[in-house]
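Dear colleague,

Please find the structure we spoke of below, followed by some notes on what came out of it.

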Amino acid sequence: GSLVAAVLAHSGRLDKEHLGARVGRLSRRGEVCTMINKKYSEFLPSMQSAEDLVAQVEGLSNNIDLLKAGIENEVQRDLNVAVAEFTELKQQLERDTLVLSVLKKLQEFDTTIKECNSALQEKQYVAAAQQLEKARSSLRSLESRRGFELKILKALGTELTVQTQNLIYHLGEEWQKLIVWKLPPSKGSSSLEAVVLSELHLYLVPPQDEDTAVPPVAAVLQALAVLGELHSKLKDFGHLLLQYILKPLISHPPLEPVPEEQPDVFILRFRSQELALDESSPMEVFEKIRLVFEVLHKHLLNVPLEQPGEGRVTLAELLGELIWEELSDCLIHNCLVNSIPTNSSKLEQYKEVIESTEEFEKALKKMQFLKEDTTALLKYACNVDSHFANKKCQDVIMAARNLMTSEIHNTVKITPDFSTALPELPDPGSGDHVKMPRGSSLVPRGTVSVGTESRLSPLTLCLPSCRISCSVQQLVELAYHTLLEATASTDLCCVQLFDCVRNIFQLFYEVVPTYHRENLQKLPQLAAIHHNNCMYIAHHLLTLGHQFRYHSTSVLSNGAATFVDLVPGFRRLGMECFLAQMRVQKGEILERLSSARNFSNMDDEENYCAANKAIKQVLHQLRRLGMVWQDVLPVNVYCKAMGALLNTALAEIVTRIAALEDISAEDADRLYSLCRIMVEEGPQVFTPLLEEDKNKKYQEEVPVYVQKWMTFKELMIILQANLQEIVDQWADGKGPLAEEFSAAEVKSLIRALFQNTERRAAALAKIK
């Protein structure tokens with residue numbers, strides 16, 4: 001019962017709450033409806049006004065469409081017509097404007113031509129030239145208009161050319177009146193007699209006896225400048241000035257400029273001095289050239305001009321640009337080059353030349369003939385050390401080449417005590433300045449000390465007695481004096497002179513064998529002299545650099561100044577030449593001996609005569625060589641050379657006789673007689689000295705120089721010996737015969753000399 005009561009009570013509460021909520025919702029809905037009615041009443045008038053506006057807009061839009069249709073149909077057509085008319089009028093205006101401008105230019109051209117003619121008649125050349133330039137400018141303007149061509153332009157161009165050439169002709173006449181050249185009849189001649197007749201006349205003041213005044217030179221020059229013709233006129237004037245005034249003053253020392261001023265003319269002529277040096281000093285030349293430029297500047301070159309594109313310039317500036325390069329080259333090569341000292345001791349005196357060159361350039365710059373940055377002459381003069389070295393080297397090389405191409409056979413005797421004109425060097429520690437005496441010996445005479453006790457002979461390092469070419473002696477002296485000059489020069493000059501000396505010897509190595517090749521091949525004496533020349537040069541090259549090492553600059557004192565590397569080449573050069581001559585002589589000896597018919601069948605008189613003739617020809621050749629080499633070659637070289645040639649002859653004879661298969665008794669006797677001729681007369685070809693009594697020593701020493709001498713004498717013994725004597729000479733291979741011949745050669749000779757018997761067989765058995 002309580003549960004049911006509780007459920008009912010709860011249900012009653014729920015119904016009340018639901019009813020209350022529903023009443024509340026209905027109340028809120030009423031409020032909303034009231035608000036909506038209020039908003040609607042406010043919105044309705046706005047909507048009506050908007051609808052009115054829409055109606056108005058639609059009306060306006062219809063009006064716009066009507067207007068647009070009217071514009072497109074009527075106004076646009078009228079507008080297109082107006083634009084077309086405007087364009088046509090514009091083009092017509094442009095054409096009229098162009099025609100008007102052309103007419104104005106034509107009028108200007110015509111006016112300027114008339115004014116030019118008027119000014120030309122009054123000799124107002126500057127105004128005439130300016131009018132022509134205006135006319136040329138007008139014509140250029142007309143020609144530059146594209147699409148607008150007139151046939152009259154060609155005629156106007158022709159007229160302008162005619163007027164220009166007419167003015168140029170008148171200006172040329174005025175130029176010739178102002179500047180008059182009186183040249184020698186032979187214009188191409190540059191002799192003193194011809195150039196002294198040259199004169200320059202400047203008519204810069206009007207003559208008083210003429211009514212018409214000559215235009216001032218400035219007007220003529222300015223008119224030429226306006227027309228662009230001044231350059232060609234000045235070029236011609238500068239060419240004549242150089243050829244007939246400036247260059248002759250440089251090349252001919254007797255010439256002297258003589259300016260002369262008269263009331264109406266200035267004259268520049270020459271005067272020749274009777275007593276003049278062969279070469280002018282640079283100071284004298286500069287003074288003459290400066291005088292010419294000063295008078296020309298006073299009367300002509302100081303005229304100011306308005307140069308188109310360059311502004312205001314003077315005539316001196318324009319002339320300087322045209323002729324200075326050629327003038328400076330001429331001054332350098334014909335004046336400054338000749339003034340360069342040939343001796344380093346005169347370099348100090350060259351400062352005067354440098355100062356004079358500087359003053360000369362300053363004077364030309366002051367006259368505006370040169371620009372401020374132009375210093376070609378001064379740079380050359382200041383670089384005197386390099387020019388001195390170049391000139392010295394050139395002179396030395398030319399002198400050396402002349403010596404190398406001179407005759408070789410002109411000789412001088414060189415002995416160990418020979419004194420030649422070589423420079424004497426001071427003590428390295430003395431600090432004395434190097435001087436060059438007229439003549440002194442290269443090596444101090446007397447003994448040479450190599451220690452506290454040891455002494456060497458004074459001839460220890462001397463060249464043996466021989467003959468050398470005078471030219472080679474002078475060549476070596478030239479090398480010494482050049483190196484001595486180098487020790488007193490600057491570092492750069494010292495190195496250059498040292499290289500020059502090396503070039504001398506390298507030139508000798510190349511030139512002499514080529515230039516004298518034919519004579520060295522044909523003439524034995526010249527080959528011997530050339531051999532001595534090379535040995536003489538090599539002898540001096542050994543110590544040449546060392547002698548100057550402590551007297552040269554630091555550049556060369558470090559041991560680089562040496563010529564030792566050239567020594568082997570010179571020795572080889574001399575030996576090869578002499579050995580080539582020796583081969584020629586050996587060939588001639590063998591050729592003569594080839595006519596001896598192998599020394600066989602000497603019992604035949606004809607064969608014997610042929611062999612005897614061959615022997616005598618060989619001896620004659622050796623005697624002739626002994627004479628041409630006498631007192632030329634050093635004694636030891638002479639004896640070795642003659643010994644080698646005689647040995648060639650003896651060896652050939654021994655070989656031919658040893659090769660014979662049958663030698664009769666008569667053949668042996670005749671062969672012996674031929675060999676005896678060689679033995680008796682062979683030593684007599686050894687005559688190295690002019691004194692006959694001194695040659696005996698070398699004739700007795702023939703076995704020393706002739707290798708086959710003892711072999712030849714043993715052959716003579718065999719030819720006259722019997723079998724027993726031959727066996728005794730052999731002495732079981734220990735005798736003198738065994739030293740010269742082999743067993744086979746001895747057996748061959750025995751078989752040829754003796755018949756086949758038991759004694760011969762026994763003798764042959766002992767030869768082993």
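Which residues of α16 are buried? Under the rule that buried means under 20% relative accessible area with a 1.4 Å probe and protein chains only, they are Val567, Gly569, Phe570, Leu573, Gly574, Cys577, Phe578, Gln581, Met582, Gln585, Ile589 and Leu593.

This is a predicted model, in which local features need pLDDT of at least 70 and side-chain atom pairs count only at pLDDT 80 or more, while totals for chains, interfaces and linings use all residues. Residues are numbered from 1 along each chain as its sequence is written, and side-chain values use heavy atoms, with hydrogens and water left out.

The helix α16 (a DSSP run of H or I of at least four residues, numbered from the N terminus) has 27 residues and reaches 39 Å from its first C-alpha to its last. Among the elements that cover its buried residues are α13 (491–515), α17 (605–628) and α18.

α16 also gives the most to the lining of the second largest pocket, with seven residues. That pocket (an open set of points on a 1 Å grid over the protein atoms alone, where a 1.4 Å probe fits, with protein on both sides within 12 Å along at least five of seven lines; lining residues have an atom within 4 Å of a point) is lined by 21 residues, of which His531, Met535, Met575, Asn636 and Val637 lie nearest its centre.

On confidence, the mean pLDDT (the predictor's confidence in each residue, from 0 to 100) of the protein chain is 82, but pLDDT stays under 50 over residues 207–214 and over residues 428–453.

With best wishes

Notes:
Helix = DSSP H or I, 4+ residues; strand = E, 2+ residues; numbered from the N terminus. Contact = heavy atoms within 4.5 Å. Expected span 1.5 Å × (residues − 1). Buried < 20%, exposed > 50% of the residue type's maximum accessible area, 1.4 Å probe, protein only.
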